[in-house]
Amino acid sequence: MDYIANLPPTHVLQEKDAAHHLHPFTDTKSLNAKGTRVITRAEGVYLWDSEGHKILDGMAGLWCVNVGYGRTEIIEAVHRQMQQLPYYNTFFQTSHPPAIALAGKIAQLAPDQLDHVFFAGSGSEANDTVVRMVRHYWASEGKPTKKTIISRHNAYHGSTMAGASLGGMSAMHAQGGLPIPDITHINQPYWYGEGGDMDPAEFGLMRARELEAEIDRLGEDNVAAFIGEPIQGAGGVVIPPKTYWPEIQRICRERNILLIADEVICGFGRTGNWFGSQTFNFKPDLMPIAKGLSSGYLPIGAVVVSEKVAKGFIEHGGEFYHGFTYSAHPAACAAALANLEIIENERLPERVANDTGLYLAEKWKMLGEHPLVGEARICGLVGALELSPDKAHRASFEAERGTVGTICRDHCFESGLVMRHVGDSMIISPPLVITRSEVDELIEKAHRALDMTAADVTAQGIK
Ligand code: PMP
């Protein structure tokens, strides 16, 4: 069946989807009862569904389509690479031109200290690699007890066993007996929800210092690394106070703990710099990346590694028993190279920092004045609106968490805007190519959805 030339009617697609397709992060029973929305094409920052609705994609897919949809440069680069060499591995003392070029390009773009690249197929695989790599590093340094990785509650680092264990999502841990051993979690720097009357700067320091206490509890000789997203994305766009990351870095350096910045969302321009660690002023030893690396055109992830960590491998020799069939997939590398060229040529990180990010921030703050919004926070082109019944006190709804967020998300969809909800927070992360007039459209639609949500909250008596 040619689904492009002969698209079946929506109800047929929905029936077939329900019959055979199990969706990720989905309650299949309720989805099948309702019927999935079928997205059929996209261009720029817009999606179209099978009913012909045009929708502004305020989430860049899943935080990944940084250069927008329909970029022929990427499509043609992949086509050429597929004709030349659609697949070969990098295991058996072999390499290929796109892998060589991409590793060099990433090393050039990454912060100074990060110079070596291990390829994976996704963000989760990159984080699985991180777990094995830091443990292998310390073992090869003669410190095999340094195994534990400290992460944060409400972090998201992927869905594989190690990725979900590094993550701090209790619902994920409850399914499948996670976390795996030697991963622990400290509290997150979520001032709006957990900071009480503290000043945000003081709160940031307090939460960072929990790392020190955790290292003391575990014993420094047992701790390999600390991992964190510069901004927690899936946890609700938690933007830490400015004091947080420099203090985390101080502790890691003083206690001889590797520092890992999970840049899967923040990387490649999202926060107004190439990488989130540059926005938050710290220097990681390892940096898992994915998403914006190829803008989602093909699946690819990687771990970028510092000279210090790579030297451990190179000088001590010995095989690292780890890798994926699709590590450095040639077509995915070609997509990433073409994508990085677009980000560079169009100066997208600078554009976010000096133009669209500033413009969006101004409009976003105006949404913060809406009676339903307790806080409107934003950094570059990633932001959140905290929905609240009592904005003066940063109160949460008594109704089950996510009730109001779901109502708002549905109103957004009906208004032609994709905004995601995390509990009762509304999240955006639009393509970095969004224009000022598209930002205006996003804000107008979000405002309308907030008004409709507020009306529903009143009509349904939600507290
Ligand atoms: N790390 C972070 C910070 C993420 O946001 C995600 C995905 N949302 C992942 C890792 C996992 O990436 P993937 O879904 O490509 O496995």
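Just after helix H11, Asn256 takes a positive phi of about 60°. H11 covers residues 244–255; helices here are DSSP runs (H or I) of at least four residues, strands are DSSP runs (E) of at least two, and both are numbered from the N terminus. The model is predicted, so local features need pLDDT of at least 70 and side-chain atom pairs count only at pLDDT 80 or more, while totals for chains, interfaces and linings use all residues. Residues are numbered from 1 along each chain as its sequence is written.

The length of H11 agrees with expectation. The expected span is 1.5 Å times one less than the number of residues. For the twelve residues of H11 this gives 16 Å, and the end C-alpha atoms are 17 Å apart. Tyr244, Trp245, Glu247, Ile248, Gln249, Ile251 and Cys252 are buried in this helix. A residue is buried if 20 or more other C-beta atoms lie within 10 Å of its own, exposed if 12 or fewer, and partly exposed in between, with C-beta atoms placed from the backbone. An α-helix has 3.6 residues a turn, so residues three or four places apart point the same way. The buried residues of H11 pack against helix H10 (200–218), strand E7 (223–228) and strand E8 (258–261).

The domain assignment splits the protein chain into domain 1 (37–67 + 347–459) and domain 2 (72–345). Such bounds come from an automatic or database domain assignment. The domain centres, taken over C-alpha atoms, are 26 Å apart. Contacts link 27 residues of domain 1 with 24 residues of domain 2; two residues are in contact if their C-beta atoms, placed from the backbone, lie within 7 Å. On the domain 1 side, helix H15 gives the most, with five residues. This side divides into 15 nonpolar, eight polar and four charged residues. Here Ala, Val, Leu, Ile, Met, Phe, Trp, Tyr, Cys and Pro count as nonpolar, Asp, Glu, Lys and Arg as charged, and the others, Gly among them, as polar.

The largest nonpolar core has 127 residues. A nonpolar core is a set of buried Ala, Val, Leu, Ile, Met, Phe, Trp, Tyr and Cys residues joined through C-beta atoms within 7 Å. Helix H14 (residues 330–345) supplies the largest share of this core, ten residues. Each of the two domains contributes at least three residues to this core. Val303 is among the residues with the most contacts inside the core. Its contacts include Phe118, Val130, Met133 and Leu286, not counting residues up to four places away in sequence.

The ligand has 16 residues around it, of which Ser122, Gly123, Ser124, Gly158 and Val264 come nearest. A residue is near a molecule if its C-beta atom, placed from the backbone, lies within 6 Å of it. Helix H6 (residues 123–140) gives the most to this shell, with three residues. The shell divides into six nonpolar, eight polar and two charged residues.

Ser140 also lies in H6. Ser140 counts as partly exposed because it has 16 C-beta neighbours inside 10 Å. Ser140 touches Gly312, Phe313, His316 and Gly318, not counting residues up to four places away in sequence. The C-alpha atoms of Ser140 and His316 are separated by 6.7 Å, although the two residues are 176 apart along the chain.
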